[in-house]
Amino acid sequence: MTQPDILGSPYTAETIDLGRDSEGPLVATLVHRPASTSGQGAAPRPPASAQGERGATQPAVLYLHGFVDYFFQKDLGDWWSERGYDFYALDLRKYGRSLRPGQTPFYTESLDDYFEDLTAAWQLITGRDGHRQVILVAHSTGGLIASLWAGRTAPPELAALVLNSPWLDHFNNPLVRVAASGSIASLARLKPRTIVQKSAPDPYARSLHADHAGSWEFNTDWKTLNFPPIYAGWLAAVRRAHRQLQGGLDIKAPVLVLTSARSERLKAPGDRHDFDAILNVWSIRRWALVLGKNVTSRVIDGATHDVFLSPEPARADAYAALSDFVSALPAH
């Protein structure tokens, strides 16, 4: 079912039925903003061979959010649309628009579960809507999911993969990672719902929200200002995914990896900052090399964890890097 989206016209939201699990019905939500054909930077019309059966004559973009997140970055969707791209964004099961009463938000015991969500959305975009060229854009944990999905499924319509501060490795040092991963995996097998980290204030989220130190509006029931409890089953699933990715992927499409210049910890809740306060950017750039043979890494000085939510001028630099990458892609 498609209905007007919370972001307002011309955004719409479509519910994708994914069956049920032990907590009840499962859905994903596909948000859509049609392409604008009047923008100065509109993408060129692709040849007839790239047009879908239903006449989709412009390329498309699919955006995937991170952990404790959902799609609210209207500026990003508008940016793509103004350049002639049909823009889509996916709220995964138990996230954002897809969260249902009685469900444990953000929880899974295998990141492979999300492949079903991505594949269902991809089929709607390429099969029903007829797009033959799709750029997949993903942030943080979404970048880990999208990379593994692209490496495993290798969809022929994948024109490029854009990763915004993807979570490609745990943030601790190697010795801590090895010790923690073994103990977490053992605990997850026995008691996956064991809380290994209690809920706590999230200074990064507070630094973004307009009611605190930031300038962005978002639903704090969906992107919470307190970091949620972390369960052993979820953390073990992430570490398995890290190992799979670090074994090497072979993504054929061009890949762009965007990171801040440095990582630090926020000293006080809600502080404005100009670094990645969530992930280790050096680890991201290291592991980006295993994604495929055509990987471009761009460092955005002054960027925050979500580079497209950074303060200026870093935000403009992030969009400029994205524009350079897209402009250099093979003709549609």
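Helix α3 (residues 141–153) supplies three residues, the largest share, to the lining of the largest cavity. The structure is a predicted model, in which local features need pLDDT of at least 70 and side-chain atom pairs count only at pLDDT 80 or more, while totals for chains, interfaces and linings use all residues. Residues are numbered from 1 along each chain as its sequence is written, and side-chain values use heavy atoms, with hydrogens and water left out.

Three cavities of 30 Å³ or more are found in the whole structure; a cavity is a set of points on a 1 Å grid over the protein atoms alone where a 1.4 Å probe fits but cannot get out, and lining residues have an atom within 4 Å of a point. The largest has a volume of about 50 Å³, the volume being the space filled by probe spheres set on the points, joined across faces, edges and corners. Its lining includes His65, Tyr95, Thr141, Gly142, Ile145 and Trp234.

Helix α8 (residues 314–327; helices are DSSP runs of H or I with at least four residues, strands runs of E with at least two, numbered from the N terminus) contains 14 residues. Its buried residues (under 20% relative accessible area, 1.4 Å probe, protein chains only) include Ala314, Tyr319, Leu322 and Phe325. The buried residues lie on the same side of α8, because they cover an arc of only 155 degrees around the axis, taken from the directions from the helix axis to the C-beta atoms. Elements packed against them include α1 (74–82) and β6 (134–139), with contact meaning heavy atoms within 4.5 Å. In α1, Trp79 and Trp80 are among the buried residues.

How values were computed. Expected span 1.5 Å × (residues − 1). Buried < 20%, exposed > 50% of the residue type's maximum accessible area, 1.4 Å probe, protein only. 1 Å grid on protein atoms, 1.4 Å probe; cavity = no way out; pocket = protein on both sides within 12 Å on 5 of 7 lines; lining within 4 Å.
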